[in-house]
Amino acid sequence: VWNARDHQSRLKSLEQTSVAATTLEHARAEWFAETSSLTGLILTGDASLTDKYRDAQANLHKDLEQAQAQALAEGNTENLATLEEISRRTGEIEVLGDLAVSLVLAGNLDAVRQLQASVQSDAMANAEQAVESAERISQQMQETYTAERAEASDAARKALWTLIGLGGLVTLMAVGGATALSFRVIR
């Protein structure tokens, strides 16, 4: 029973780590969707990309909030601080994105291109740092997942062999007891 409960707690931890890593990977994907749609919006001036940009932006914020909640629940202050930094950097980029969207919707493409030229290097540096931080946390979560999975497998294997050993011992004791009882009855 103790082994089963231990194994269940390991599986729960494994599941939480897996969800956290998946959330971070999804956040990275949404970040790339957001930045690519924003880049397309700026380069082409196509206002139809605004909805795609807003959807990716909303999904990214949802994923970052979920990842922060998971880090807070686990008490992982290092990941929480990194995720807050990623959110801050993402917010800085989105301020520029919102400005670009409003300029594109207003039809002021010259101002959009001037904005792009003046802030492109700063925005890209912020973006690269945010992605690298998310990737580092995601990699750390995947390593934790692998370690927890190995521990859970070892615990399950030990529980199985313990159960088999105890079953064998009980069987031997039962056979020995039955044999001893048979001799007494026969005498």
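These exercises work through the cores, one helix pair and several single residues of a predicted model.

Residues are numbered from 1 along each chain as its sequence is written. Local features need pLDDT of at least 70, side-chain atom pairs count only at pLDDT 80 or more, totals for chains, interfaces and linings use all residues, and side-chain values use heavy atoms, with hydrogens and water left out.

**Exercise 1. The nonpolar cores**

Task: Find which residues have the most contacts inside the largest nonpolar core, and which elements give two or more residues to this core.

Solution:
- Step 1. Fix the term. A nonpolar core is a set of buried Ala, Val, Leu, Ile, Met, Phe, Trp, Tyr and Cys residues joined through side-chain atoms within 4.5 Å. Buried means under 20% relative accessible area, exposed over 50%, and partly exposed in between (1.4 Å probe, protein chains only).
- Step 2. Read the core. The largest one has 18 residues, and L24, L64, L83, I86 and M141 have the most contacts inside it.
- Step 3. Assign elements. Two or more residues come from each of α1 (2–44), α2 (49–74), α3 (77–106) and α4 (109–186). Helices here are DSSP runs (H or I, at least four residues), numbered from the N terminus.
- Step 4. Look for another core. A second, separate one has 11 residues, including L41, Y53, V112 and L115.
- Step 5. Take L83. Contact means heavy atoms within 4.5 Å. Not counting residues up to four places away in sequence, L83 touches L24, L64, A67, Q68, A71 and I137.

**Exercise 2. Helices α2 and α3**

Task: Describe how the axes of α2 and α3 cross, and which residues make the contact.

Solution:
- Step 1. Two packed helices are described by the angle between their axes and the distance between the axes.
- Step 2. The axes of α2 and α3 come within 11 Å and cross at roughly 165°. Axes are lines fitted to C-alpha atoms over the stretch in contact, and angles run from 0 to 180 degrees between N-to-C directions.
- Step 3. That makes α2 roughly antiparallel to α3, a label for angles over 145 degrees.
- Step 4. The crossing is left-handed: the near helix is turned anticlockwise from the far one by less than a right angle.
- Step 5. On α2 the contact residues include T50, Y53, L64 and A71; on α3 they include L83, I86, V101 and L105.

**Exercise 3. Buried or exposed?**

Task: Are L105, T50, T23 and A155 buried or exposed?

Solution:
- Step 1. L105 sits in helix α3. L105 is exposed, at a relative accessible area of 54%. Leaving aside neighbours within four places in sequence, L105 is in contact with A47 and T50.
- Step 2. T50 belongs to helix α2. T50 is buried, at 9%. With the neighbours within four places left aside, T50 is in contact with L41, V101 and L105.
- Step 3. T23 lies in helix α1. T23 is buried, at 6%.
- Step 4. A155 is in helix α4. A155 counts as buried, at 13% relative accessibility.

**Exercise 4. Sequence and space**

Task: How far apart in space are L105 and E143, and T23 and D63?

Solution:
- Step 1. L105 and E143 are 38 residues apart in sequence and 44 Å apart, C-alpha to C-alpha.
- Step 2. T23 and D63 are 40 residues apart in sequence and 6.0 Å apart, C-alpha to C-alpha.
- Step 3. Check contacts. Not counting residues up to four places away in sequence, T23 touches D63, Q66, A67 and Q70.

How values were computed:
Parallel < 35°, antiparallel > 145°, perpendicular 65-115°, else oblique.
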